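Welcome! Here are a few exercises for getting to know a protein model step by step. Have a look at the sequence and the structure, then try each task before you read its solution.

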Amino acid sequence: MSARLAQRLIQLGILIAVLLIWYEATLPGGINPLLLPPPVPVFSDFWGLLTHDAIWPDLFVTVQEWVWAFVIAATFGCSIGYLVSRRAYTVRVFDPLFSGLYSIPAILLYPLYLLFFGLGMGSKIAIGTTIAFFPIALNTIAGLSYVDKSYVTAARSMGASDLQLFWSVMLPAAFPVVLTGLRLGCIFAFLAILGGETISSLAGLGHRIVSLAENMETSRMFANILFAVLMAFVINGVLSFIEARGRRGAP
């Protein structure tokens, strides 16, 4: 318990230090407020985001894109990962192939997605799905292909079918690794969609931030950036909690 408290105090100390540096940097004679606004007006505008409904239409668009991208990536990533993991030969073929493709910056495909799907939600869903697919597929392959063979042999000797083997043996054993891939894919999808919205879009949090920057409303822009950062922290915290619970429940 004391170690966890120490960790939280260090994290709180870092946050306070960042706020103090930010405050000091924006004092008279410091950084131009058009480039870096003081903390007080930023937090005031942030509170305004929470108490007014101006941000909610853009937030709804971003959340829609994120959910669709994650669902599609999870469906295809887990399905393809399972099919690949069934044979050692396909693992040797596709695991390095997916790893190589994963190392390519997927954002390079975004102009192509814009041509195919336009400036609306389709292009953001496509880039989010692409970036989220690989960690999900790779972790599914890793989790299922490295299940202890003695589990499989024991289940086969008791007459387990392929479906029973998957649900009762392979999936529980591989679940922590698969869950890690789903967590990473979910976070990456959110970040990719925000990035896509800042490059070219018609709506969404990223579009809103860029519009405020173009109008030199830096205080409101930083408030929206803070909102997006807190969203990412909350998403990561919730998914990490679920992942930890899943690991404790795994055999």
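**Exercise 1.** Find what share of the contacts with a separation of 6 or more joins residues 24 or more positions apart.

*Solution.* Start with the term: a contact means heavy atoms within 4.5 Å. Among contacts in the protein with a separation of 6 or more, 73% are between residues 24 or more positions apart.

Before going on, note that this is a predicted model, where local features need pLDDT of at least 70 and side-chain atom pairs count only at pLDDT 80 or more, while totals for chains, interfaces and linings use all residues. Residues are numbered from 1 along each chain as its sequence is written, and side-chain values use heavy atoms, with hydrogens and water left out.

**Exercise 2.** List the secondary structure elements in order from the N terminus.

*Solution.* Helices (H or I, at least four residues) and strands (E, at least two) are DSSP runs, numbered from the N terminus. Counting them gives ten helices and zero strands. The order is therefore α-α-α-α-α-α-α-α-α-α.

**Exercise 3.** Locate the nonpolar patch on the surface and say which helix gives the most to it.

*Solution.* First, the rule: patch residues have over 30% relative accessible area and no salt bridge (a side-chain nitrogen of Lys or Arg within 4 Å of a carboxyl oxygen of Asp or Glu). Nonpolar side chains (Val, Leu, Ile, Met, Phe, Trp, Tyr) are joined within 5 Å. Accessible areas come from the Shrake-Rupley method with a 1.4 Å probe, and for residues only the protein chains shown count as cover.

Next, the members: Tyr-89, Val-93, Phe-94, Leu-97, Leu-101, Ile-104, Ile-107, Leu-108 and Ile-199, with about 840 Å² of accessible area together. Helix α4 (residues 88-102) gives the most, with five residues. Ile-199 belongs to helix α8 (residues 162-199).

**Exercise 4.** Decide whether Arg-208 is buried or exposed, and find its partners.

*Solution.* Buried means under 20% relative accessible area, exposed over 50%, and partly exposed in between (1.4 Å probe, protein chains only). Arg-208, in helix α9 (residues 205-214), has 11% relative accessibility, so Arg-208 counts as buried. Leaving aside neighbours within four places in sequence, its contacts are Leu-49, Ala-54, Ile-55, Asp-58, Arg-220 and Asn-224.

**Exercise 5.** Which sign does the phi of Met-216 have?

*Solution.* Find Met-216 in the loop between α9 and α10 (218-249). Its phi is positive, about 60°, although Met-216 is not a glycine. Most residues other than glycine have a negative phi.

Definitions and conventions:
Patch = residues over 30% accessible without salt bridge, like charges linked within 9 Å, V, L, I, M, F, W, Y side chains within 5 Å.
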